[in-house]
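Hi everyone, and thanks for having me. Today I'd like to walk you through one protein chain, step by step, with the picture up on the screen. Please have a look at it while I talk.

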Amino acid sequence: MQQQPLEQPIQERELCFLQDLTEKLASREIDLPPFPDIYARIIRTLHDPDVSIQDVSRIVVAAPDLCVRILLLANSALLNRSGVKVTDLNIAVSRLGLSAVNNATVTLATKDVFHVPKGSSLSFMLNKTRMESVRVAAYSYLLAIRAGKIAEKHDAMLAGLLHNIGTHYILSRAEEFPDLVSKEIIDSWGPGIGQALVSNWGFPESISSAIEKQNDLMLEPDEEDDDIELREILICAILLSHVENDMEDPDIDYNRIPACRKLDINEETIPGILEDYAEEVASFVSALR
């Protein structure tokens with residue numbers, strides 16, 4: 001029996017990991033499992049221009065977890081401003097609208113796509129990352145409304161839900177060397193991987209581009225007008241989430257970040273924004289936990 005080679009040095013293993021990712025990104029051949037069939041069918045139904053609320057209600061019944069999430073979302077402070085309790089699935093779908101139902105479906109679908117060993121450090125990191133996605137989605141939705149981009153609020157939410165999908169991929173591939181999953185690697189590689197995954201899944205280019213550029217805080221707007229881009233909403237939502245979770249960079253200067261200047265996000269305004277949004281963000285996170 002041939003003797004097994006000695007374990008690779010950490011530096012070499014890390015290099016192999018990154019080289020493998022580089023090759024897959026360059027060739028667009030990332031080993032991406034498809035969405036679970038039921039969620040894929042629901043998403044196709046939601047994108048049918050002739051679909052009715054009744055059609056959607058009938059198909060989501062096949063996914064009990066999604067039914068629960070839809071009812072929770074329909075009763076959340078974020079998406080139910082009236083406060084009137086909803087217990088009927090048809091009414092919940094009608095009240096939320098197809099875009100919000102689509103976003104809930106995507107959340108559960110991505111949760112089922114990437115797996116790590118239960119109880120491991122990777123599992124803890126993945127769950128933490130998923131909760132961060134939901135929190136950023138809520139802030140993105142609210143900031144889009146705050147910026148007057150009402151028509152784009154659901155795209156903003158979807159960008160938030162998918163913004164760290166690249167991190168999910170890295171964690172799902174890191175079982176052999178969990179110590180190599182560092183903040184530096186995730187920050188450097190996550191957005192690019194996420195952009196590739198979201199593009200391969202067929203989501204709009206505006207969303208995949210926002211995900212790719214989420215860490216380019218100093219990037220100036222493409223145009224010289226005052227129009228607020230989806231990328232800028234996502235950047236500010238991530239920063240607000242970091243403040244809420246005591247992850248704020250102590251050296252950050254919000255006044256130097258173009259997106260923050262355009263959305264009036266700074267040390268003076270952030271406490272009030274977090275307080276105003278606290279109940280809505282918490283209810284959304286609870287609904288999609």
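Let me begin with a word I'll use a lot: a residue is called buried when its relative accessible area is under 20%, exposed when that value is over 50%, and partly exposed in between. Take Glu280 as a trial run: its relative accessibility is 12%, so Glu280 counts as buried. Keep in mind, please, that what you see is a predicted model.

Now the overall picture. How many helices and strands does the chain have? There are 14 helices and 0 strands. Reading along the sequence, you simply meet α again and again, in the pattern α-α-α-α-α-α-α-α-α-α-α-α-α-α. The chain has 289 residues, and 50% of them count as buried. Its accessible surface is about 14700 Å², with 49% of that belonging to carbon and sulfur atoms. Here is another number for the whole chain: among contacts with a separation of 6 or more, 70% are between residues 24 or more positions apart.

Let's go inside. Please find helix H2, which covers residues 37–46. H2 is mostly covered, as 7 of its 10 residues are buried. Which ones are they? The buried residues of H2 are Ile38, Tyr39, Ala40, Ile42, Ile43, Thr45 and Leu46. And what covers them? The cover includes helix H3 (53–60), helix H4 (64–74) and helix H6 (98–113).

Helix H6 gives us a nice example, because Val106 is found there. With a relative accessibility of 1%, Val106 counts as buried. Leaving aside neighbours within four places in sequence, Val106 is in contact with Ile43, Leu158, Leu162 and Phe203. You have already met Ile43, one of the buried residues of H2. Along the chain, Val106 and Ile43 are 63 residues apart, yet their C-alpha atoms are separated by 7.9 Å.

Next topic: charges. Side chains of opposite charge can pair when their charged atoms come close. How many salt bridges does a search of the whole structure find? The answer is 10. I'll show you a few.

Back to Glu280, whose side chain meets that of Arg81 in a salt bridge, at 3.1 Å from N to O. Glu280 sits in helix H14 (residues 270–287) and Arg81 in the loop between H4 and helix H5 (89–96), so this pair ties together parts that are 199 residues apart in sequence. Is Arg81 buried or exposed? Arg81 is exposed, since its relative accessible area is 55%, whereas Glu280, at 12%, is buried.

For a contrasting case, look at Glu132 and Arg135. They form a salt bridge in which the closest N and O atoms are 3.2 Å apart. Both residues lie in helix H7 (residues 121–146), 3 residues apart, which is about one turn of the helix. Glu132 is buried, and Arg135 is buried too.

A third pair is Glu152 and Lys149, whose side chains meet in a salt bridge at 3.5 Å, N to O. Here Glu152 is partly exposed, at 29% relative accessibility, while Lys149 is buried, at 13%. Elsewhere, salt bridges that share partners join Glu229, Arg231, Glu232 and Lys262 into one network.

Now to the surface. Which residues form a negative surface patch? They are Glu248, Asp249, Asp251, Asp253, Glu267 and Glu268. Let's pick out Asp249, which is in the loop between helix H12 (230–244) and helix H13 (258–263). Asp249 counts as partly exposed, with a relative accessibility of 43%.

Last stop: the backbone. Most residues other than glycine have a negative phi. With that in mind, look at Asp246, in the loop between H12 and H13. Phi of Asp246 is near 55°, a positive value in a residue other than glycine. Asp246 counts as exposed, at 72% relative accessibility. Then move along to Asp264, in the loop between H13 and H14. Phi of Asp264 is near 55° as well, again a positive value. Asp264 is partly exposed, with a relative accessible area of 40%.

To wrap up, we saw a chain of 14 helices and 0 strands, a mostly covered helix H2, and a salt bridge between Glu280 and Arg81. Thanks for listening!

Definitions and conventions
Residues numbered from 1 in each chain as written. Predicted model: local features only at pLDDT ≥ 70, side-chain atom pairs only at ≥ 80, totals over all residues. Heavy atoms only, no water. Patch = residues over 30% accessible without salt bridge, like charges linked within 9 Å, V, L, I, M, F, W, Y side chains within 5 Å. Areas by Shrake-Rupley, 256 points an atom, 1.4 Å probe, with all protein chains shown as cover. Salt bridge = Lys/Arg side-chain N within 4 Å of Asp/Glu carboxyl O. Lys, Arg positive; Asp, Glu negative; His and termini not counted. Charge placed at Lys NZ, Arg CZ, Asp CG, Glu CD. Helix = DSSP H or I, 4+ residues; strand = E, 2+ residues; numbered from the N terminus. Buried < 20%, exposed > 50% of the residue type's maximum accessible area, 1.4 Å probe, protein only. Contact = heavy atoms within 4.5 Å.
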